[in-house]
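Here is a short briefing for a reader meeting this structure now. Look over the sequence and the model, then read the points below.

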Amino acid sequence: MTENGKGSPLHQSCEAPSKGHSVVNDSSRALKTSLVDAKSGKEHNDALKLTARNAEGDISPYQPRPPSLPRLSSKSVSVEETMRTRRLKNSQESLSDPVETGSSTDSLKDDQTAPAPGGFLSESTTIRNDQVSNVRPLSAVATESPDFRDRGSSLSEYERRPRSQQSDPTDHRPRSTKVRLSPVQPTGTLPALGKSFASATLRAANRIDTDCLDYTVLAREKLGERLHRNLSDSRLLENMGSDSASVNSIRSNYSVLSPIRPQDVRNRSFMEGSVLGSGALLGAEELDRHFPDRRVGIYIATWNMQGEKGLPANLDDLLLPTDSEFAQDFYIIGVQEGCPDRREWETRLQETLGPYYVMLYAASHGVLYLTVFVRRDLIWFCSEVEHATVTTRIISQIKTKGAVGIAFTFFGTSFLFITSHFTSGDAKVYERVLDYNKIVEALALPKGLPDTNPYRSTPSDVTTRFDQVFWFGDFNFRLSKARADVDAIMTRTVGGDMGLLLEHDQLSKEMKDGSIFKGFQEAPIHFLPTYKFNIGCDVYDTTSKQRTPSYTDRIVFRSRQADDIKVFKYTSCSSIKTSDHRPVISVFQVKLRPGRDNIPLGAGQFDRSLYLEGIRRRITRELKRREAMKNESSSTICTIS
């Protein structure tokens, strides 16, 4: 080796550009010569530094420079493998750089500073293992390796410009220490997002069968309050997708029900849940799945049937009025002076409500009947049902006056329904108050059901031992006014304003005084008196007794928590005229709370034989109707001209 290094192979590679040879060929020749001389790595680096120092006077600092030679190793490694290993190390160092504090998307942003003049990398790029700075022309990197050739489209906009359009080479502003890739732009328009962002699994868990699609209509707004709707189906259908994703997501289960793992079937026991525990049958998870806003719809009807054997031809107006948009979750029907055939009455109720409902329980006290129907998919969340009766007659064998109560727990809310028949007579207000006091003290409920809030219970008042209480029946309270005066007031009544009549109502006065129905409320009355009518017409009593029209049939309610019960309807059913009383109906929306799994469950029990008989009658009635329509359409009238 000479003093100035011109005789070295490395000097020959530095002069290669002036002789017309390519940088890559000279680099390969220098590498081969170095391998023949078998120089050590240290001597090679010293030679490289000396060559770079001597070349400063001959080569412009902005002229492309030859690539640095790799460190010699005991194994012969090709140039391509060496450069690939070096690029991999550089990428790993970039990922592990402790200075990088930005997000993962920052690596795709354009660098704020322009690249180095001439389009090649900055000289400050550091390589591990004490290697010399790697200064390579960008054009060589893009053409030498197929990987970089494929990624040419990912280079920044500045780097893709011609050299004539790049910045002045004399610009010495600080440069970035690494190459930043430009953001990847989509080749086409992005697909539109769906309206619902719920996952397919969630949609599948809440999917409803097609025979319930009549509940998909949204509830209308009325007076700023949303009308009650069936909470177990329709509210889940509002935001539910109708695509096939929900079916495909759990296709292995062959249904849209949530799949159950075999391990859960082995180990699951519902009698160990809590109010907030996941998986509790009566807990918050199941409650929110069936009742998203934790309110249940209850329909109550009370009717004094006057003991008539003949039942109305159709009970649709009693249970399914045309002005109701949705059916409710519970139907509670209380009857006073019921028909002699109680089983026939219950069968008629089942026939009217149809296959969506099952009779949860029925109890009686003489001619007092109380029946509870519930949607068939909600029976699993009901506790065992209990009932008790009280007679208010001096002779207990006479069971025409008294009360019957039914109690159960639904999720974590306890319910008590009482239907009663108080003493009759215009002036017997005191006797009716005594009837009430006897019932609240003697009605032995609950029996085996746990009290959901024992700290607010009173042993002398059964209505304090339940969360929600509904009391309805023929209370027999009258209007303290002469018949002629009452008729005159009714003729002046306009727009359902019954305030003038209610000023003489005995029950309203006693409730204000606190002598009866303590803690109970009653919805505003906007219907005419329901007693006493001539049978079969809308004319009040025209017999010799000339009974004063009165509001004898009433529905009152109380709750342990304020505003837990909302009233959506309180009216009479004027189309049923088989009795001297008009039925009174009311629709409630009741707040529900999650419960513990420590109550005795009803296990889905209902009256199966009654259900089958009611459905059989519905089918028979429908077949007869279709046959009649067919005969009517096929009949012809012959005329003789």
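This is a predicted model. The briefing covers one open sheet of 6 strands, helix H15 with its residue Arg483, and the cysteines.

**The sheet**
- The strand order is S5-S6-S4-S3-S13-S12, and the pairing is mixed.
- Strand S5 (357-365) and strand S12 (565-572) are the edges, since each pairs on one side only.
- On average, neighbouring strands of this sheet are turned by 15° against each other, direction ignored.
- Strand S3 (residues 295-304) and strand S13 (residues 584-591) run antiparallel and are joined by 8 bridges.
- Within that pairing, Ile300 stands opposite Ser586 in S13.
- Helix H13 (residues 342-353) packs on the sheet.
- H13 touches S3, strand S4 (330-336), S5 and strand S6 (368-375).
- The direction of H13 makes about 155° with that of S5.

**Helix H15**
- Which residues of H15 (residues 483-492) are buried? They are Arg483, Val486, Ile489 and Met490.
- These residues cover an arc of only 125° around the axis, so they sit on the same side of H15.
- An α-helix has 3.6 residues a turn, so residues three or four places apart point the same way.
- Ala484, Thr491 and Arg492 are exposed, and they lie on the face of H15 turned away from its buried side.
- Helix H16 (499-502) is included in what covers the buried residues of H15.

**Arg483**
- Arg483 lies in helix H15.
- Is Arg483 buried or exposed? Its relative accessibility is 16%, so Arg483 counts as buried, the cut-off being under 20%.
- The side chain of Arg483 reaches the backbone oxygen of Asp541 at 2.9 Å.
- Beyond its neighbours within four places in sequence, Arg483 is in contact with Tyr540, Asp541, Gln546, Arg547, Thr548 and Pro549.
- Asp541 therefore appears both in that contact list and as the residue whose backbone oxygen the Arg483 side chain reaches, while Arg483 itself is buried.

**Cysteines**
- How many disulfides does the structure hold? It holds 0 disulfides.
- Cys339 is buried, with a relative accessible area of 2%.
- Cys573 is buried too, with a relative accessible area of 6%.

Definitions and conventions: Residues are numbered from 1 along each chain as its sequence is written. This is a predicted model: local features need pLDDT of at least 70, side-chain atom pairs count only at pLDDT 80 or more; totals for chains, interfaces and linings use all residues. Side-chain values use heavy atoms; hydrogens and water are left out. A disulfide is a pair of cysteine sulfur atoms within 2.5 Å. Buried means under 20% relative accessible area, exposed over 50%, partly exposed in between (1.4 Å probe, protein chains only). Helices (H or I, at least four residues) and strands (E, at least two) are DSSP runs, numbered from the N terminus. The arc is that of the directions from the helix axis to the C-beta atoms. Contact means heavy atoms within 4.5 Å. A polar contact is a pair of N or O atoms within 3.5 Å; within protein, one must be able to donate a hydrogen and the other to accept it, and residues adjacent in sequence count only if both atoms are side-chain atoms. Two strands pair if DSSP finds at least two bridges between them. Axes are lines fitted to C-alpha atoms, for helices over the stretch in contact, and angles run from 0 to 180 degrees between N-to-C directions.
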